[in-house]
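Reader: I am new to this structure and should be grateful for a close look at one part of it. Please describe how the helices in that part pack against one another, and then place the part in its surroundings.

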Amino acid sequence: MNKRHYVAIMAGGIGSRFWPQSRTAYPKQFLDILNTGKSLIQWTYERYAAFIPKENIYIITSEEYEAIVAAQLPELATENIIAEPSRKNTAPCIAYISFKLLQKDPEASLIVAPSDHMILDNENFRLITLRALDFAEHIKSLVTLGINPTYPNTGYGYIQHEAMPVADGVFKVKTFTEKPNLELAKTFLASGDFLWNAGIFVWKVKNLVKAFELYQPEMFELFDGMKTDYNTPAEKDAIGRVYPLCTNISIDVAIMEKADNVYVIPSSFGWSDLGTWNSAYDNLEKDYLGNAVASNNVIVIDATKCMVSAPHNKLLVLQGLDDFIVVDTKDVLLICRKDKEQAIKEYVAEVKRNKGDKYL
């Protein structure tokens, strides 16, 4: 293992599309969505611990989730849990860890990844990530892993790349596109030079910090101004002063769409962002009627193509539903047509209007 390889796993989101199982106080990255015996963040940590030194793995999360991270990842050193004082999207949290590492190891190479994605082919993922690290160490670049698309998904962002590689399996990025409509997604798929944006990044921290200086000078000045505080007892107070002043912006918009040294590696390693109940349905085993059941205590009678999640200590009997999402928790039951799952965020907003925060 290379001692200069680091990973920052982002685990601060609230996972509202997995409501009612995912709650503000205990969101989806800490849940066993697929009934595997481990939470999504535990799987992500283990995936990286196979080839990144454990002392170089950092979790960036919200202050309210520090204790959950510590409980789920007991081998992680306390100082490797980085708490954001507020949610400011991905650019500030990535700037924070990059500036922090730059003070510790000016030649550090960093992988930035979400905590709640699923990857089935860990060995291929390791090889592709190491290729990205090698490229980023030799070329002044910002590298992202793009997923070879298998169908015209409208829920993902897309990355377009040049036709010819600049190195083994590495291509220069032409454009980033936000979630397209179906017709545009079909066009992207047919063209052959578009990839799904997985939100996994690789770079040397000094090159990422330089990109902040060029493209986000105000944010650069904020984090650069506290560089003597990183990795000291003064860091927590300093970051508490800096964070409220940061723009709420994604790393894609802040840096990746602006920089001219962005590269992508087309990848296939059994990836899913597990962003919705339908994506969970796609990745769970089905019974002979096409039902995906994430529970050990459900009886299904004359129901087809349903996504069912329920507590193990509670019997759920399901009869006569076709193509539904059924999620049962101790205090909320959601029954929703699968083709209406994009409206779950609206249902959560309706719950908040009518019932306050109690069920969120």
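Author: The following account takes up a group of three helices, then the chain around them, and finally a sheet.

The model is predicted; local features need pLDDT of at least 70, side-chain atom pairs count only at pLDDT 80 or more, and totals for chains, interfaces and linings use all residues. Residues are numbered from 1 along each chain as its sequence is written, and side-chain values use heavy atoms, with hydrogens and water left out.

The helices concerned are H3 (residues 90–104), H6 (residues 205–215) and H7 (residues 217–224). Helices (H or I, at least four residues) and strands (E, at least two) are DSSP runs, numbered from the N terminus. Axes are lines fitted to C-alpha atoms, for helices over the stretch in contact, and angles run from 0 to 180 degrees between N-to-C directions.

Consider H3 and H6 to begin with. Their axes come within 9 Å and cross at roughly 130°. The two helices are therefore oblique to each other; angles under 35 degrees count as roughly parallel, over 145 as roughly antiparallel, 65 to 115 as roughly perpendicular and the rest as oblique. The crossing of H3 and H6 is left-handed, a term used if the near helix is turned anticlockwise from the far one by less than a right angle, with right-handed used if clockwise. On the H3 side the contact (heavy atoms within 4.5 Å) is made by Ala91, Ile94, Ala95, Ser98, Phe99, Leu101 and Leu102. H6 contributes Val205, Lys206, Leu208, Val209 and Phe212. By class, the contact of H3 with H6 has ten nonpolar, one polar and one charged residues. Here Ala, Val, Leu, Ile, Met, Phe, Trp, Tyr, Cys and Pro count as nonpolar, Asp, Glu, Lys and Arg as charged, and the others, Gly among them, as polar.

H3 also packs against H7. The axes of H3 and H7 come within 10 Å and cross at roughly 40°, so this pair is likewise oblique. The crossing of H3 and H7 is right-handed. In this contact, Ala91, Pro92, Ala95, Tyr96 and Phe99 of H3 meet Met219, Phe220, Phe223 and Asp224 of H7. These residues divide into eight nonpolar, no polar and one charged.

The remaining pair is H6 and H7. They pack at an angle of about 125°, with their axes 5 Å apart, and are therefore oblique to each other. Val209, Phe212, Glu213, Leu214 and Tyr215 in H6 meet Pro217, Met219 and Phe220 in H7. The classes in the contact of H6 with H7 are seven nonpolar, no polar and one charged.

Beyond H7, in the loop between H7 and helix H8 (235–242), lies Asn231. Its phi is near 60°, a positive value in a residue other than glycine. Elsewhere, the peptide bond from Trp19 to Pro20 is cis, with omega near 10°. Pro20 belongs to the loop between strand E1 (5–10) and helix H1 (40–49). Most residues other than glycine have a negative phi, and most peptide bonds are trans.

In UniProt, an unreviewed entry lists residues 9–285 as "domain: Nucleotidyl transferase". Such positions are given in the numbering used here, feature names are shortened, and annotations may be inferred rather than shown by experiment. Over residues 9–285 the chain is 36% helix and 20% strand, and the end C-alpha atoms are 27 Å apart.

As for the sheet, four strands form an open sheet in the order E12-E14-E16-E17, with mixed pairing. Its edge strands are E12 (292–294) and E17 (333–337), each pairing on one side only; two strands pair if DSSP finds at least two bridges between them. Strand E16 (residues 324–328) and E17 pair in the antiparallel sense over five bridges.
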